[in-house]
Amino acid sequence: MSAIGKRRWRRGFGPAGSMLLAAIALLAAETPRAQTGTLAITNARILPVSGPVIEQGTILVNNGRITAVGANVSATGAGHVIDAKGRTVTPGFIESATQIGVVEIGLSAQGTDDGSIRPTGLSAAFRVIDAFNPNSTVIPVTRVEGVTRAMVVPAGSGGIVDGQGALVALTGEHVPASITKAPAVMVAALGERGASLAGGSRAAAMLRLREALQDARDYAEHRDAWQEARRRPYALGRLDLEALQPVLRGEIPLAIEAHRASDLLAAVRIAGEFGVRLVLFGASEGWMVAGELARHKVPVVIKPLTNLPDFDRLGATLENAARLAKAGVEIVISTFDTHNARNLRQEVGNAIAYGLDPARALEAVTLAPARVWGVADRLGSIEPGREADLVIWSGDPFELLTTADVVIIAGKEMPKTTRQWQLFEKYRTLK
Amino acid sequence: MQLRSWLGRMALAVVAILMAGDPIAGQRPRARTAAQEDPWASTYTPRASRPTLIRNATILTAAGPVIEKGDLLLRDGKVAAVGTVDNPPADALVIDAAGKWVTPGLIDTHSHLGVYPSPGIESLSDGNEMTNPNTAEVRAEDSVWPQDPQFGLALAGGITTLQILPGSANLFGGRGVTLKNVPGRTVQDMKFPGAPYGLKMACGENPKRVYGSRNSSPATRMGNVAGYRRAWQQATEYREKWRRWRENGSDEKERPERNLQLETLAAVLDGEILVHNHCYRADEMATMIDIAKEFGYRISSFHHAVEAYKVRDLLAAGNVCASMWADWWGFKLEAFDGITQNIGLVHQAGACAIVHSDDPSGIQRLNQEAAKAIRAAAEGGITIDRADAIRWLTINPAKALGIDKLTGSLEPGKGADVVIWSGDPFSTYSRAEQVFIDGALMYDRHDPATHPQRDFTLGILPEVSR
């Protein structure tokens, strides 16, 4: 049932992240350790994101983490040296809204789509990561294009709240080894999609979301009474009410999909009512209310190549990213796609072509999503202590003629083979 | 080229009958000249233009190697000269294009602009007549909404010509129409003069899913094939009936009944309508080639052709084009074996490779899709020059649409459909700066007055630069 995919991006979904180190320790298994010994990438043009460009430098990686970065770092004694030969190195890219690992084939392929559910009474509790298939063919296909982490989100539960997303490493390992953070976000819908889920009106969608948050808050305050059936009935069941608690406590953000300027402001209002951390998914008309979004410090996850004027987004423009950034809004760039989440860098390149500052653009797929999802102390930049997600590019990463020559996740060099490459090799000559 | 031979003759006969006795025609006593006898004929006229000399550009002509620091002269709506122009007309507008690149206008063989417009709502959803597996009688041009704002967005991406096709729910979806990407009040104002109609056919999952789910035929791939063969057999007999009637003196009293569905298929058998066949899987493309052989028609292009690389030898041998995406895959099982080297392998095999969009967003960036295909090919050891890759977006689609003598390359005498790019068209950062159609400047990125405003977007919001 997923709509993240081919065609026009009509249904959404959404991800986010938490701040508590305790929660991380409890919920997030460490990504895999690198081979023993130090890996050195030498002679590299390094874009650390968190600091100025290092025109010629070395990166040392040990035990899955970056241990040193700089122009004067020595690779002597490293167990494995990769000579970048002047090529550009960036942090691995983070895709912030996808269904990689939970949808293998989009349509008419029974048993391959665990990314959404028909209305069953479940909503916030729907944890799509429990269905994550590390052997999905989509993982290598995405990884070889320099995407190293992905926020895997539900595409629909039948309710206003879609459920929880998880940030994963695209290493192809099973849960929990591949989990970077889970849950990392709660996803909900307002706007046109919210309206259709709530009976046909945007206003009803607001009401349903408010009801869910009110019930969850009341439940938290009166758990015992509820257990003894001495509390009014709630619109949501126990699992959903529990799942919303990290949102109310501010541990994970609430990502609301909306596009129309008035819906974005409605999302800001409802987030304010409950003091939850808001992230906007989509925000095609974000530029029209960019000042308000900046003032409320609301990050937006946008797909820059959105400019078709639908009634939900008549103001959609390819300049959305540039205009939001100029207004001071934290922007994260996403494909909102699964099979072609690998085109993340095409989204970024076009955002630059339509006015976004290139450094800001790089940040929008590295450090900005790391901040928004609460893992900036682990990912998103090339600094000592960070997990070593690194990509060596044959040229400008945002040019489509450029290849991701080497992809490293948590210190481990990833294989270049994909099912698609194997098909190519099989048919390279016709027999 | 308004379907001259068989269908053209028949249309003339029918017009004569209508004019004589049809009550509706009688209410419109408009005198018709011979040229106006086809009420559906193109009413497109090139916009006024002055001679234009583009100087010092890197030119990809789609007809030869790259020309560095080259000149291109447009005059009277045609390409007048390419290479070095020493004595330009005195009244020529001179554009210094140093550092810029020039290509033919881009051509998309597969679009649904106007039939699936923006806004994408039910009221405007006019692309798929999903009521019968054979709707060869419907025509996309009768659904095209000329006010679709997507046309203007595609123009800003360098698209000068595009084929609008019906959807793929049916075995025979109906006629496609080739348009100039110009504003018009009617679809006829946009119709590419001299372009043949297309016939949309569809293989595989879509027809069997749509009709199978209604418990009607086709519900399987074998049902699909039976449906094609049944229709072609009927068309063969229909065509034969008309042929005999004409040979026997065309006696009005004996005139066979006209069947719009079979008329379209018969025109395919006459080679006047070109088949555009939605087909993903290699084995199904081979099957469709066999059906074409059985009934004596030609397939102009497979569309999507996600597994074209597996049968690229058959495509080359049969002179069948493949209109492909750079990287769409996996959204259904018949797209699961999509590989990014598809276009490069088809090209390398000497077959006619085309980059198509089938998408209102992708059509704005066909050049970027080509860049992805160049790179994937290179990763597989297949080197493709820009001068060759540009053919995927220009002369090859022109060939598939039957308009390659009119447009698709920068050669003297051809229509002056031209794009000036801010830089290498295969760079993500390059944008179409100026777009000419038949020598007239239709889009200038730096001149908002030229940015096409469709009625729908007029006044609906404050100024939005898309």
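In the predicted model, Phe132(A) is located in the loop that connects β6 (93–98) with α2 (138–143) of chain A. The relative accessibility of Phe132(A) is 9%, and the residue therefore counts as buried, since the cut-off for burial is under 20%. Residues up to four places away in sequence being left out, Phe132(A) touches Ile100(A), Gly101(A), Val102(A), Ile139(A), Val152(A), Val168(A), Glu173(A), Val175(A) and Ser178(A). A separation of 19 Å was computed between the C-alpha atoms of Phe132(A) and Ala243(A), which stand 111 residues apart along the chain.

A second element of chain A examined here is helix α11, which covers residues 344–353. Ten of its ten residues are buried, so the helix is largely enclosed by the rest of the structure. The buried residues of α11(A) include Leu344(A), Val348(A), Ala351(A), Ile352(A) and Ala353(A). Arg345(A), Gln346(A), Glu347(A), Gly349(A) and Asn350(A) are also among the buried residues of this helix. After α11(A) comes Gly355(A), which has a positive phi, near 105 degrees.

One residue of α11(A) is also in contact with chain B: Gln346(A) is touched by Glu369(B). Glu369(B) itself belongs to helix α10 (residues 366–379) of chain B, and its relative accessible area of 10% means that it is buried. Within chain B, Glu369(B) touches Ala326(B), Asp327(B) and Val355(B), where residues up to four places away in sequence are again not counted.

A further contact between the chains involves Gln341(B), in the loop between β12 (321–324) and α9 (342–348) of chain B. Gln341(B) counts as buried because its relative accessibility is 3%. On the side of chain A, this residue touches Trp421(A) and Phe424(A); in chain B, it touches Ala376(B) and Ala377(B), residues up to four places away in sequence not being counted.

Attention may next be given to the nonpolar cores. In soluble globular proteins, nonpolar side chains tend to be buried together. The largest nonpolar core of the model contains 117 residues, of which Met186(A), Leu209(A), Leu244(A), Leu280(A), Leu293(A), Val300(A) and Leu356(A) touch the most other members. Helix α8 (residues 261–274) of chain A supplies the largest share of this core, with eight residues. Apart from this core lies another, of 102 residues, which includes Tyr228(B), Ile299(B), Ala370(B) and Tyr443(B). The surroundings of one member of the largest core can be listed in detail: Leu280(A) touches Ile256(A), Leu264(A), Ala267(A), Leu293(A), Val298(A), Pro299(A), Val300(A) and Val301(A), with residues up to four places away in sequence not counted.

The overall form of chain B was also computed. This chain has twelve helices and 16 strands. Its radius of gyration is 22 Å, close to the 23 Å that the globule rule gives for 466 residues, so chain B is as compact as a globular protein of that length. The C-alpha trace of chain B spans about 65 × 55 × 45 Å along its principal axes. Among contacts in this chain between residues at least 6 apart in sequence, 69% join residues at least 24 apart.

Of the 466 residues of chain B, 60% count as buried. The accessible surface of the chain amounts to about 17,600 Å², and carbon and sulfur atoms account for 51% of it. Chain B carries 50 positive and 54 negative charges, whose mean positions lie 2 Å apart.

Key:
Residues numbered from 1 in each chain as written. Chains lettered and ligands numbered in written order. Predicted model: local features only at pLDDT ≥ 70, side-chain atom pairs only at ≥ 80, totals over all residues. Heavy atoms only, no water. Core = buried A, V, L, I, M, F, W, Y, C linked by side-chain atoms within 4.5 Å. Buried < 20%, exposed > 50% of the residue type's maximum accessible area, 1.4 Å probe, protein only. Helix = DSSP H or I, 4+ residues; strand = E, 2+ residues; numbered from the N terminus. Contact = heavy atoms within 4.5 Å. Rg over C-alpha atoms; globule rule 2.2 N^0.38 Å. Areas by Shrake-Rupley, 256 points an atom, 1.4 Å probe, with all protein chains shown as cover. Lys, Arg positive; Asp, Glu negative; His and termini not counted. Charge placed at Lys NZ, Arg CZ, Asp CG, Glu CD.
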